[in-house]
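Please look over the sequence and the model below before reading on. The paragraphs that follow lead through a few places in turn, beginning with pockets and ending with helices.

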Amino acid sequence: MSEIRSLSPALLWQFFDTLCSIPHPSGHEAAVRQWITDWAQEQGLAVQQDKVGNLIIRKAATAGMEQRKGVILQAHMDMVPQANATTNHDFTRDPILPWIDGDWVRARGTTLGADNGIGLAACLAVLADDKVQHGPLEVLLTIDEESGMTGAFGLEPGLLQGEILLNTDSEQDGDVYMGCAGGVDANITLPFQADSVPTGHQAFRLAITGLRGGHSGINIHQGRASANKLLAELLHDIGQHIPARLAELHGGTLRNAIAREAWALLTLPAADADRLQTLLEHRRRQYSREFAGIDDFIKLELAPAELPTRVMTAELQQRLVAALLVCPHGVMEMSRTMAGVVQTSTNLGVIKTEAEQIYVQCLIRSLHDDGRDRVAGMTAAAFSLAGGNCRFDGAYPGWQPDPDSAIMQLLLDTHEALFGVQPAVKVIHAGLECGLFKAVYPQWDMVSFGPTIQGAHSPDERVHIEAVSRFWQLLVKVLKQIP
């Protein structure tokens with residue numbers, strides 16, 4: 001048990017603390033799902049697991065509210081596993097260690113999992129608290145939202161009877177979301193073509209660290225540096241001035257997180273080591289100016305390394321670095337109809353050198369399929385010219401706004417009654433599961449809201465304590481007001 005159990009609302013924070021103690025990164029939700037199942041059955045609640053592993057928990061209406069419209073309260077069970085390089089943490093075995101930092105809760109050296117653990121804890125707290133008044137209630141808890149939306153893709157028609165869906169996966173107090181971007185994964189491979197290490201070469205490990213990273217949807221418009229793009233720039237620059245050979249390169253760990261760290265293993269003539277240090281110092285000063293106020297702690301570090309057994313052929317090295325350099329990354333297009341809303345973006349999320357190939361993964365997001373497909377074509381073309389193969393997987397639709405949404409209006413009115421101001425109605429560039437739900441349950445009236453979470457998908461993740469209290473008040477009041 002941690003100190004966050006002293007916070008209010010007590011039930012919500014107690015559930016969140018328990019969730020932190022159970023490892024649940026994407027693809028490893030079995031333990032947390034079993035704990036939730038056991039707990040719900042102990043409460044006498046009906047629990048159903050569907051064929052892909054989602055949970056549906058049903059609670060009867062509060063006495064006298066049986067004729068209210070049925071509500072589906074929804075969250076996902078997985079979290080993004082990201083840790084600082086200096087943090088030794090196994091996300092499949094080790095608990096998250098939350099702590100109170102002033103007005104915020106954060107974790108020690110890792111992602112906190114407030115995305116979407118606070119929403120998940122709120123769902124469980126509603127089920128546990130008989131003082132919360134509501135009509136017929138179904139709680140839908142999905143798997144694998146962060147790495148592929150497997151749970152939402154696999155949701156079958158006819159399993160749920162409710163008419164209104166409350167998604168708890170938004171991250172800004174005072175905002176209410178009525179639409180989101182769709183997306184697709186670009187999975188790229190280039191065959192590894194090996195050469196022997198040139199005679200007289202020494203090996204060095206070049207690392208880029210200290211970046212903020214962040215959510216590739218929510219933070220993509222803020223101009224944060226991508227370690228993968230910076231590494232591509234550095235390798236291109238080195239190749240113009242020093243006869244260095246590339247043995248391997250790695251960057252980022254998740255397609256939906258802006259890469260915070262990247263590194264390359266290089267060999268070069270010993271006489272050129274000082275030139276490389278000079279070049280890196282020049283680039284470090286450049287990046288300090290370029291990303292001032294955005295990424296103030298970028299580090300470029302060079303250290304001697306063990307000589308590798310192979311390097312890439314000069315031709316592969318040239319093609320790979322060129323492809324990474326021109327690979328689309330960042331905001332590609334802003335919405336023409338909604339001021340300040342990103343319409344299309346892409347994230348160069350992962351680079352890995354494997355035994356037989358180099359693997360690259362990007363996540364392309366767009367409010368419209370046309371924009372998504374356009375950037376997908378650009379990405380495929382860049383790597384095709386470099387001799388790579390690009391496969392697109394996991395395409396999911398956006399959630400198109402409904403200006404006539406009754407639940408949206410109810411939430412706006414309830415927020416104003418509680419807090420004296422209407423929330424801002426927005427479309428989020430992140431990929432919520434709502435678009436996939438709408439394809440299976442087109443009759444659902446949907447809205448998404450949540451507390452303020454900053455730094456999601458990075459070890460800087462933190463959730464605002466007072467915003468959690470406001471989120472809980474709003475959720476409880478909306479459930480009571482359902483017509």
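Which element gives the largest share of the lining of the second largest pocket? In this predicted model, that share comes from S19, which supplies 4 residues. The second largest pocket holds about 410 Å³ of space, and of the 23 residues that line it, Gln-82, Gly-251, Gly-252, Thr-253 and Glu-261 are the closest to its centre. Strand S19 (342–353) is one of several strands that each supply at least two residues of this lining, the others being strand S13 (245–251), strand S14 (257–258), strand S15 (262–269) and strand S20 (357–366). Sorted by class, the lining of the second largest pocket consists of 12 nonpolar, 7 polar and 4 charged residues.

The largest pocket can be described along the same lines. Its volume is about 660 Å³, and 27 residues line it, with Tyr-177, Ile-218, Asn-219, His-221 and Gln-222 lying nearest its centre. Two or more residues of this lining come from each of strand S8 (175–180), strand S22 (424–428) and strand S24 (453–454), and the largest share, 3 residues, belongs to S22. The lining of the largest pocket divides into 8 nonpolar, 11 polar and 8 charged residues.

From the pockets we can turn to single residues, starting with one in a loop. Ala-61 sits in the loop between strand S2 (55–59) and strand S3 (71–76). Although Ala-61 and Gly-135 are 74 residues apart in sequence, their C-alpha atoms are 4.3 Å apart in space. Once neighbours within four places in sequence are left aside, the residues in contact with Ala-61 are Glu-66, His-134, Gly-135 and Pro-136.

Two residues in strands come next. Asn-187 belongs to strand S9 (residues 182–191), and because its relative accessibility is 6%, Asn-187 counts as buried, the cut-off for that word being under 20%. The side chain of Asn-187 is joined to that of Asp-393 by a polar contact of 3.0 Å. Beyond its neighbours within four places in sequence, Asn-187 is in contact with Tyr-359, Val-360, Gln-361, Asn-389, Cys-390, Arg-391 and Asp-393.

Thr-209 is found in strand S11 (residues 201–209), and its relative accessibility of 17% is the reason that Thr-209 also counts as buried. Not counting residues up to four places away in sequence, Thr-209 touches Arg-260, Glu-261, Phe-297, Ile-298, Lys-299 and Glu-301. Glu-261, one of these partners, is also among the residues closest to the centre of the second largest pocket.

Two helices complete the tour. Helix H1 (residues 10–21) has 12 residues, so at 1.5 Å a residue it should span 16 Å, and the 17 Å between its end C-alpha atoms agrees with this. Its buried residues are Leu-12, Trp-13, Phe-15, Phe-16, Asp-17, Thr-18, Leu-19 and Cys-20. What covers these buried residues of H1 includes helix H2 (30–42), strand S4 (98–101), strand S5 (104–107), helix H3 (114–128), strand S25 (462–464) and helix H11 (465–481).

Helix H5 (residues 227–241) has 15 residues, and at 1.5 Å a residue it should therefore span 21 Å, which agrees with the 21 Å that lies between its end C-alpha atoms. The buried residues in H5 are Ala-227, Asn-228, Lys-229, Leu-230, Leu-231, Ala-232, Leu-234, Leu-235, Asp-237 and Ile-238.

Terms used:
Residues numbered from 1 in each chain as written. Predicted model: local features only at pLDDT ≥ 70, side-chain atom pairs only at ≥ 80, totals over all residues. Heavy atoms only, no water. Expected span 1.5 Å × (residues − 1). Buried < 20%, exposed > 50% of the residue type's maximum accessible area, 1.4 Å probe, protein only. Contact = heavy atoms within 4.5 Å. 1 Å grid on protein atoms, 1.4 Å probe; cavity = no way out; pocket = protein on both sides within 12 Å on 5 of 7 lines; lining within 4 Å. Points joined across faces, edges and corners; volume = space filled by probe spheres on them. Nonpolar A, V, L, I, M, F, W, Y, C, P; charged D, E, K, R; others polar. Polar contact = N/O pair within 3.5 Å; in protein donor to acceptor, adjacent residues only side chain to side chain.
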